[in-house]
Amino acid sequence: MFIESPFFRQALDQLISVAEYVDVPAGTIERLKIPKRTITVSVPVRLDNGETRMFLGTRVQHCLTSGPGKGGLRYGPHVDQGEVAALAMLMSWKCGLLHLPFGGAKGGIQCDPTTMSIGELERMTRRFTEEMMPFIGPNVDVMAPDMGTNEQIMAWIYDTYSMTMGANCPQIVTGKPVAVFGTLGRKTATGAGVVYTIEEAAKEKNLRLVDATAIIQGFGNVGAVAARNLHERGCRITGVADVSGHYFRKEGFDVPALLAHMESNPTLENYDCITSDRVTLEEFFTQRCDVLVPAALERQIDGEIAPKLRCRILAEGANGPCTTEADLFLREHSEDIFVIPDILCNAGGVIVSYFEWVQGIQMYFWTGDEVDSRLQQLLRRAFASTLGMAKKNNVDMRTAALALGVHKVAEEKFMRGLYP
Ligand code: NAD
């Protein structure tokens, strides 16, 4: 295999599993198994104490057939090339499913951002951007926030790129602060989108979100917004989790209080005696609930946990939260658990990134209502096509979403041909 990594293997398995639904010659599918470019750079950073530390940065451009690469940039101790390559591949299918004019890409730096000062983070981000200059551009590859990165980091990338080019170029990166050519609605787009897809799935399952229960792993960009929006729809949030632990409270958590707590605390840990609600990862995922939202790391639900799930809807806010074994089980039990696959469920982020890129090119900025209504339009339409494909072919939602996404990319690749 090109990259030895369980997550990359999982992404490859997904591609292979839908090849039969994609009407292109086998050679085209072969071309999609290996990323177009993998770039690894060393990122030397002067620490606050005067020492020099080397970090490893990577960017994988899986496919640039449909447009510039698009995908997040992660900072985390676990980041490696296999993880980034798998996520880049998923981005290709996500952009295909949503009919966005982008290819799939992803990047990351192996580091622990929680232990770094603002100055160290800024120097690392700017040096990484400088090292990536030959491989990125508004028509080549456009980064965005992901785990461990945020709007400030995107602003530094935008500034470094523009300073080096000698021209203002906000469309080099999305997820920027609104004050520097960001778009309204980007920060909340992924979590908001997760909840729009849950609304669609709830219609299918005849589930009323008022009084439904939900369990959410991850309380960052995606998980916290999903918690807030589900709470606003009347859901009881009985499980929350972050890097400090997994917590279950049968009567439900006070979501506005949790959100207020997170404004001045790094984790959930010191919130209102929450540690007495601590449960194991398996206990957390297997509590009975209507909606389960993994919105943290990949490969959290494996072949052992999947048969014990007691939810009605599994909404994949995170990328790749189910292993291949879990997925095989869920495919066979799609009547019991309605899976909203990652490339559909968390696509709100890349949709609004697309809107930000378009606004940056045109220098014409939309209202928050315009962003939200267009987000809903694209996402609900993709949900309807996925559901239609699933019903027509009697397959599960993941197979349907992947088949649509892969088909769009593969067809374009085939039509463009093999050069020379
Ligand atoms: P984030 O860094 O804002 O939040 C991540 C959350 O996960 C934090 O609450 C963190 O404490 C928690 N976490 C980390 N390790 C954990 C562990 N071992 N157990 C439990 N919780 C843990 O990241 P995010 O942007 O919210 O991204 C979350 C997921 O959503 C990732 O899979 C990411 O790829 C995906 N995603 C994000 C976006 C986006 O726009 N931010 C878009 C699409 C997909």
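1. A good place to start is Cys273, found in the loop that runs between helix H8 (255-264) and strand E9 (278-279). Please keep in mind as you look at this loop that the model is predicted. The backbone at Cys273 deserves a glance: its phi is near 50 degrees, a positive value in a residue other than glycine. As background, most residues other than glycine have a negative phi.

2. Another backbone feature for you to check sits at Pro420, in the segment after H14. The peptide bond leading from Tyr419 to Pro420 is cis, and its omega is near 5 degrees. For context, most peptide bonds are trans.

3. Stepping back to the whole chain, you will find 14 helices and twelve strands in its secondary structure. Along the principal axes, the C-alpha atoms fill a box of roughly 55 × 55 × 45 Å. How does the radius of gyration compare with that of a compact globule? For 420 residues a compact globule would have a value near 22 Å, and the protein chain has 20 Å, so the two agree.

4. Next, have a look at how helix H3 (residues 81-97) meets H14. Their axes come within 7 Å and cross at roughly 90 degrees. Angles of 65 to 115 degrees count as roughly perpendicular, and H3 and H14 are therefore roughly perpendicular to each other. On the H3 side, the contact is made by Ser92, Trp93, Gly96 and Leu97. H14 brings Ala401, Leu402, Leu404, Gly405, Val406, Lys408 and Val409 to the contact. Sorted by class, the residues of this contact are seven nonpolar, three polar and one charged.

5. H14 turns up again in the second largest pocket, where it is one of the elements that each supply at least two residues of the lining. The others are helix H10 (324-332), strand E12 (338-340) and helix H13 (368-393). The space in this pocket is about 390 Å³.

6. Which residues of the lining lie nearest the centre of the second largest pocket? They are Ser334, Glu335, Ala390, Val395 and Asp396, out of 18 residues that line the pocket. If you would like to picture the character of the lining, its residues divide into eight nonpolar, eight charged and two polar.

How values were computed. Residues numbered from 1 in each chain as written. Predicted model: local features only at pLDDT ≥ 70, side-chain atom pairs only at ≥ 80, totals over all residues. Heavy atoms only, no water. 1 Å grid on protein atoms, 1.4 Å probe; cavity = no way out; pocket = protein on both sides within 12 Å on 5 of 7 lines; lining within 4 Å. Points joined across faces, edges and corners; volume = space filled by probe spheres on them. Helix = DSSP H or I, 4+ residues; strand = E, 2+ residues; numbered from the N terminus. Nonpolar A, V, L, I, M, F, W, Y, C, P; charged D, E, K, R; others polar. Axes fitted to C-alpha atoms, helices over the stretch in contact; angles between N-to-C directions. Parallel < 35°, antiparallel > 145°, perpendicular 65-115°, else oblique. Contact = heavy atoms within 4.5 Å. Rg over C-alpha atoms; globule rule 2.2 N^0.38 Å.
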